[in-house]
Amino acid sequence: MRRHAFHLLVPAVLLLLGLTAAFGAETPQGEKTATVEVHLHEYAVELPKTLPAGPTTFVVHNDGNKGHSFKIEGPGIDEILAKPVEPQMTGELKVTLQPGEYKVYCPIGSHERKGMKTTLTVTAKPGS
């Protein structure tokens, strides 16, 4: 009976650990991952102007009628979504932000030139 219970318990614990890692509750260093909602549409990028440094997941919503993407360039980061986000769909980009100023824009065609860009300021975490 104990052996049977043990065999049921091990997969349950592994599943729980896997779900915790998949949802990014904490990084291996114990830092919580911030989630930031980003909204893209013709021709604007909407997100907070200031964020704290640390692990960050950008949840990118394409509220427009054309395909868009999301690129961020700044201290130690030059990242882009794995693939463009189709209209009314969502993508996700995980980065670790350092204090400083970042350029955020849609790198598709002339979207940036048409105004689909913004600046993000990342501040040091309190107590850092």
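This passage walks through the strands, the core and a few individual residues of a predicted model.

To start with the sheet: four strands make up an open sheet, and they line up in the order 2-1-4-7 with mixed pairing. The edge places go to strand 2 (44-46) and strand 7 (90-97); each has just a single partner strand, so one side of each has no neighbour in the sheet. Going from one strand to the next, the twist averages 25°. Strand 1 (residues 34-41) pairs with strand 2 in the antiparallel sense, over 3 bridges. Within that pairing, His39 sits opposite Glu46 of strand 2.

The loop between strand 1 and strand 2 is worth a pause. Tyr43 lies in this loop, and the peptide bond that joins Glu42 to Tyr43 is cis, with omega about -15°. Another backbone detail turns up at Gln88, in the loop between strand 6 (77-80) and strand 7. Phi of Gln88 is near 65°, which is a positive value in a residue other than glycine. Is Gln88 buried or exposed? Its relative accessibility is 56%, and since the exposed class begins over 50%, Gln88 counts as exposed.

Pairing in the antiparallel sense also shows up further along the chain. Strand 5 (71-74) and strand 8 (100-105) pair that way over 3 bridges, and here Glu73 has Lys103 of strand 8 as its bridge partner. Strand 8 also pairs with strand 9 (117-123), again in the antiparallel sense, this time over 6 bridges. One of the residue pairs involved is Glu101 with Thr121 in strand 9. Lys103 has something else going on too: this lysine lies over the face of Tyr105, at 4.6 Å from the ring centre.

Now for the rings. A pair of aromatic rings is described by how far apart the centres are and by the angle between the planes. The count for this model comes to 1 aromatic pair. The partners are Phe58 and Phe70, with ring centres 5.2 Å apart and planes at 45°, so the pair is classed as tilted. Phe58 belongs to strand 4 (residues 54-62), while Phe70 is in the loop between strand 4 and strand 5, so the pair ties together parts that are 12 residues apart in sequence. How accessible are the two residues? Phe58 has a relative accessibility of 0% and counts as buried; Phe70 is buried as well, with a relative accessible area of 0%.

Both phenylalanines reappear in the largest nonpolar core, which has 23 residues. The residues with the most contacts inside this core are Val38, Phe58, Phe70, Ile72, Leu97 and Leu120. At least two core residues come from each of strand 1, strand 4, strand 7, strand 8 and strand 9. Take Leu97 as an example: leaving aside neighbours within four places in sequence, its contacts include Leu51, Pro52, Phe58, Ile72, Ile77, Tyr102 and Val122.

Last comes Gly67, in the loop between strand 4 and strand 5. With a relative accessibility of 25%, Gly67 counts as partly exposed. Which residues does Gly67 touch, not counting those up to four places away in sequence? The answer is Asn62, Val85, Pro87, Ile108 and His111. As for Val85, Gly67 is 18 residues away from it in sequence, but the two are 5.7 Å apart in space, C-alpha to C-alpha.

Key:
Residues are numbered from 1 along each chain as its sequence is written. This is a predicted model: local features need pLDDT of at least 70, side-chain atom pairs count only at pLDDT 80 or more; totals for chains, interfaces and linings use all residues. Side-chain values use heavy atoms; hydrogens and water are left out. Two strands pair if DSSP finds at least two bridges between them. Axes are lines fitted to C-alpha atoms, for helices over the stretch in contact, and angles run from 0 to 180 degrees between N-to-C directions. Buried means under 20% relative accessible area, exposed over 50%, partly exposed in between (1.4 Å probe, protein chains only). Rings of Phe, Tyr and Trp (its six-membered ring) pair if their centres lie within 6.5 Å; planes under 30 degrees apart count as stacked, over 60 as edge-to-face and the rest as tilted. A charge sits over a ring if NZ of Lys or CZ of Arg is within 6 Å of the ring centre and within 35 degrees of the ring normal. A nonpolar core is a set of buried Ala, Val, Leu, Ile, Met, Phe, Trp, Tyr and Cys residues joined through side-chain atoms within 4.5 Å. Contact means heavy atoms within 4.5 Å.
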